[in-house]
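Colleague: Could you take me slowly through one part of this structure, the sheet in chain A and its surroundings? I am in my first year, so please explain each term as you go.

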Amino acid sequence: MLRLGRAILLVIINLVALDLQATAEQKPDLIVAIPTDGISLDPDKSSTAADYPVLNNVFEGLYGHDENGNLVPLLAESVKASQDALTYEFALRRNAKFHNGDPVTAADVRFSWQRAVDPELRNPRASSLAANIADVEVIDEHTAKITLKQRDSAFLDNMDTLWAIVPKKYIEKVGNEEFGKHPIGTGPFAFVEKRQNEYTKIKAFEQHWGRVPHVDVVTYKIVPDDQARLAQVQTGEADLITNIPPPLAARAQKIQGVHVISRPAMSHESIQFNTVSGSRLANRDVRIALNMLVDRKALAKTVMSGYATPEILFCASGTTGCDATTDLHQYDPKAAREMLVKAGFDFEKPLKFVGPLGARMPQGKEIMEAVSYFFKQAGVKVDLVTMDFGAWLAVASAKAKDPTIDMCMEIFPDYSKDNIVRLRRQLYGTELWSWVADKDLDAMLSKALNIPDSKEREVETAAILKKIHDDALTMPLWSVSNIYLARNNVSWNPTLNATWPVLWNVEKKN
Amino acid sequence: MSVFVLKRLGQAVVTLLLMTFMIFGLARLTGDPTPLVLPAEATEADRNFFREQYGLDRSLPEQYVIFLRNVTHGDFGISFRYRKPAMEIVATAMRPTLELSAMAMVISILIGLPLGILAAMYRGRWIDRLVDLYSNIGQAVPTFWLGLMLIIAFAITWPIFPSTGYGSPMNFVLPSVTLAFFTSSSITRLTRANMEDVLRSDFVHMERVLGLSQFRIVAKHALRNASLPIVTYLGLQFGLLLGGAIVTERVFAWPGIGQTIVDAILNRDYPIVQAAVLTTALFFILINTVVDILCAALDPRVQR
């Protein structure tokens, strides 16, 4: 009888111990409220930034970035680049797996390239990276050799945003459409389910090669209104909310139970001067004077509530060459007015200044109004035209720029610290987004893009940024910050990234 | 009666046809969707391909004819953003809006009708004044503000209901009360005005003389006579709720048709705009046709 009693007691103690262990090991779930739902779960069909919250957590590239924006190997362990930077040999991680348990092989890398440039899928982002790949050779199961058509200094940097590695066997088995509904990747999180405009769920992938998440299920709830998202985190219905406008973040600092997390977004806000088709700002002295009319530090402190880092150069904090300390165009409205008079500037004719309304350029309208105010103080008239985001996109990316527009507000992300690709896209004469006509700059940009060595390229990039500054080809404003609000039991160091950070390192105390 | 019904249905078809023309034209007036649909990295060739793929490079009359022909087969085209049939997106979004509108309508009727009747019955007394105050406030308060105040009061300060979202019965309370506040106040006013007229009429006076109870007079006779304009108004209001809950849907993150239409307009997703607006219009026209037929049944004089 005694023995039986002891045996029963032992069983009970073991069961309790097991249960306690399970409770201790059980990870908390995380609810993240975001303003816009993504459209595509297929990285080769994605055309909107709203897809990144899920795609960046479910898929990975061969290379990517750590929390500080440094280039690090992801699915690859290492890479050997040829001297001419046209060939890259990647050694894949042996322990990298897809969410269905299949190992990642060189055959998947080759397949991922073929799929990314498949004319049937019409991948909107193919032209930025995958289309420049001439071939992917399978050397052995864990080695892939990629040959480029042209040198691309941002090839490794752009991988995690523009080219995901997808599972060959799975897609060949289920087809593209099914893959788009039930995607499988290699990221720290695996896709669970999605209800359009309601929520998307992803779950921690315990066999991830190195970034096993600290939370279990992440639910992205779609809450378009800023105030409603704030209410969510206040009530605890959400643990973390995103896309907080700067004034709301400033107010939220006083709310109990939540804290603000802010991280530079490697995204740069600026005002473009039309020297492509417009003539009023062709004079360098006029452009310099306009730069001197605006007090960026005051604007960053007031309009952006301190959540912006004023930039001297046309770049975002943390990117290559963005470390100037000498500003040739310091705020001096009196000197600026004198320069304008000397340059024969026509004060009677207003400068036409266009920009977008809406959440995609936070505080855009307020910034434009503030800049116009600074101009008006010096007697420079401004015809301010704010338009809806779609109309602005059409104007800002028109092949033939409207000659009546003198200035255009812009925000542009850098996908990596090497910002040469963004500089080319925004400033090279024939690019859709460029408002600048400067043949010397075009030559410098072309040269920099073809430099294989990153250190040499940095030097050239710094020279480009200096030229843009010295000639006042644009009016740089600041680097913006990504702003999040989290409950006090949530801690997180988001990746320094313009698109969307991976959530693997979010910690939540129960 | 059947002639009347056929006439109304014929009018509904003509109205829908005119709506297709208007919606097609207005959608295209918003501008070129290409820069919004494609990412910043897209080349000119990508943009041209997109326009060709969706027939946007054809002339407007040609596009309209193709659109109209497809609509008669129930095909509203493929959404530029979702790359799925537009009607599929609209149908998914319509259900939450129908549910919310129906709930708001029920609450509005349950509040508005009794209050209106009470106010008419006790005209000039404190009940009448209180109801008058309620209907004035209901008409004046902006929906957006009311929604946020309800969230602050009943989700944050006293956490009784969820602040936003869709799915559970508790999620319905705050948004439907927000919508119902305005609708119920206008129903109250209309009911009160119509009931007042009827309660002052000769036949009601006769019924009182004959010794009928107040309840019987109001419930069985007066309400029926006052109901015609109320029923018409309820039909209009339901249609408005379907298309006009955009602000409420946004505040409460309700995944309904209002939010879908706004997103589609902002992103120049013509197929969804056309499908959503035409579907809402169809509902509106159907509801009003049914209301007209109901009114004709209640009062045959309407048929003339």
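Modeller: I will begin with the sheet and then move outwards to the domains and the core.

The model is a predicted one, in which local features need pLDDT of at least 70 and side-chain atom pairs count only at pLDDT 80 or more, while totals for chains, interfaces and linings use all residues. Residues are numbered from 1 along each chain as its sequence is written, and chains are lettered from A and ligands numbered from 1 in the order in which they are written.

In chain A, 4 strands make an open, antiparallel sheet in the order β4-β5-β7-β6; strands (E, at least two residues) and helices (H or I, at least four) are DSSP runs, numbered from the N terminus, and two strands pair if DSSP finds at least two bridges between them. As a general point, strands of a sheet pair through backbone hydrogen bonds, either parallel or antiparallel. Because β4 (76-81) and β6 (133-140) of chain A stand at the edges with a single partner strand each, one side of each is left without a neighbour in the sheet. Neighbouring strands are turned by 20° against each other on average, direction ignored, where axes are lines fitted to C-alpha atoms, for helices over the stretch in contact, and angles run from 0 to 180 degrees between N-to-C directions.

The partner of β6(A) is the antiparallel strand β7 (residues 143-148) of chain A, joined to β6(A) by 6 bridges, and Asp140(A) stands opposite Thr143(A) in β7(A). Helix α3 (residues 106-116) of chain A packs on this sheet, touching β5 (87-92), β6 and β7 of chain A, and its direction makes about 165° with that of β6(A); contact requires C-beta atoms, placed from the backbone, to lie within 7 Å.

Turning to the domains, an automatic or database domain assignment gives chain A domain 1 (60-168) and domain 2 (264-481). Their centres, taken over C-alpha atoms, are separated by 34 Å, and their contact takes 9 residues from domain 1 and 13 residues from domain 2 of chain A. On the side of domain 1 there are 2 nonpolar, 4 polar and 3 charged residues, where Ala, Val, Leu, Ile, Met, Phe, Trp, Tyr, Cys and Pro count as nonpolar, Asp, Glu, Lys and Arg as charged, and the others, Gly among them, as polar.

Further into domain 2, Leu293(A) is in contact with several residues beyond its neighbours within four places in sequence, including Pro333(A), Phe374(A) and Val380(A).

Note on methods:
Two residues are in contact if their C-beta atoms, placed from the backbone, lie within 7 Å.
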